[in-house]
Amino acid sequence: MKPFSLPDIYRSTNLNTLGLWADNAGIGEIREENYYDPVKLALATGIKPCMPFLVSQLIEELNELTGDDPLADILPVHSFHFTFLPLTLPLYKANDRLPSKVEQLKHIWAGYHSKMIVIRNLRLIALPSQLLLAGIPDEPAIAMRQSFCEKILESEWKDELLMRHGNSPLPAPFWHSTILRYSAAFIPATVREFFLERQEIDFGDVVGELTLARISYNWEKFDPLGI
């Protein structure tokens, strides 16, 4: 994925979502299941960078807007993260012993562990029922993710990786953090207006150290695996 193509992908995603919203004024059907298992943990790689001031302000304003809406699941400030490559679905309970082949995964990851990556020009991206904060990675990050993905596909973790990504591209093109998941087909009008008012804002850059961890769906639970 070349960095110059990402702005076009992000822009196209927003336009597609705006079209869907225009055709669906209400929130539609309420979801009966969670986006991901709220209890079980997955394996993933990524960064937990310092939060830019504009992002902390954004999340604070989003919390104020949604108030006590039980359908709004907003990323906790202390869980701020950007996934590098998600590796598995939520398969593990907190106290589960990981399979022995995790040693192979750690061996592969050793070549990437603690490397610094930069993601620039963070922007809001709208999906029908979610808001993302997505940016443009520096070229080394793109190359590292592609390399790591290829090595996992050649390893004993191939099946878990393919199951995690389903029918989506691998690796997925977006470099993002999900800041709002709304448990209905579409986010409400107030949140749509919130997005429209802020869609052109550049929320800054983030830099962070790559980590392999056992995580909850929103990284509120974060347990790095020792390398």
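Two strands are taken to pair if DSSP finds at least two bridges between them, and in this predicted model strand 8 (residues 211-215) and strand 9 meet that condition, since three bridges join them and the two run antiparallel. One contact point within this pairing can be named: Arg-214 has Asp-223, in strand 9, as its bridge partner.

This pair belongs to an open sheet of four strands, whose order is 3-1-8-9 and whose pairing is antiparallel. Strand 3 (82-86) and strand 9 (222-224) stand at the edges of that sheet, and because each has a single partner strand, one side of each is left without a neighbour in the sheet. From one strand to the next, the twist averages 45°. At the other end of the order, strand 1 is joined to strand 3 by four bridges, again with the two strands running antiparallel, and here Ala-44 has Pro-86 in strand 3 as its bridge partner.

An edge position in a sheet says nothing by itself about burial, so it is useful to look at strand 3 separately: buried means under 20% relative accessible area, and five of the five residues of strand 3 are buried, so that the strand is mostly covered. Helix 3 (residues 102-109) lies across strand 1 (42-47), strand 3 and strand 8, and it runs at about 145° to strand 8. In the loop between strand 3 and helix 3 sits Asn-95, which counts as exposed because its relative accessibility is 78%. The C-alpha atoms of Asn-95 and Leu-41 are separated by 9.9 Å, although the two residues are 54 residues apart along the chain.

The model also holds an open sheet of five strands, with the order 2-6-5-4-7 and antiparallel pairing. Strand 2 (72-74) and strand 7 take the edge positions, each with a single partner strand, and therefore one side of each is left without a neighbour in the sheet. In this sheet the twist averages 30° from one strand to the next. Strand 2 is joined to strand 6 (residues 176-182) by three bridges, the two running antiparallel, and within this pairing Asp-73 stands opposite Arg-181 of strand 6. Helix 6 packs on the sheet, where it touches strand 4 (116-127), strand 5 (130-137) and strand 6, and its direction makes about 130° with that of strand 4.

Several backbone details deserve attention along the way. The peptide bond from Leu-170 to Pro-171 is cis, with omega near -5°, and Pro-171 lies in the loop between helix 5 (158-165) and strand 6. Ser-114, although not a glycine, has a positive phi of about 70°; the residue is found in the loop between helix 3 and strand 4, and it counts as partly exposed because its relative accessible area is 29%. Asn-121 is likewise not a glycine and has a positive phi of about 55°, but its place is in strand 4, where a relative accessibility of 36% makes it partly exposed.

On the surface, finally, Phe-53, Leu-54 and Ile-201 form a nonpolar patch with about 280 Å² of accessible area together. Of these residues, Ile-201 is found in the loop between helix 6 (189-198) and strand 7 (206-209), and it counts as partly exposed because its relative accessibility is 33%.

Notes: Residues are numbered from 1 along each chain as its sequence is written. This is a predicted model: local features need pLDDT of at least 70, side-chain atom pairs count only at pLDDT 80 or more; totals for chains, interfaces and linings use all residues. Side-chain values use heavy atoms; hydrogens and water are left out. Patches are made of residues with over 30% relative accessible area and no salt bridge: like charges are joined within 9 Å, nonpolar side chains (Val, Leu, Ile, Met, Phe, Trp, Tyr) within 5 Å. Accessible areas come from the Shrake-Rupley method with a 1.4 Å probe; for residues, only the protein chains shown count as cover. A salt bridge is a side-chain nitrogen of Lys or Arg within 4 Å of a carboxyl oxygen of Asp or Glu. Buried means under 20% relative accessible area, exposed over 50%, partly exposed in between (1.4 Å probe, protein chains only). Axes are lines fitted to C-alpha atoms, for helices over the stretch in contact, and angles run from 0 to 180 degrees between N-to-C directions. Contact means heavy atoms within 4.5 Å.
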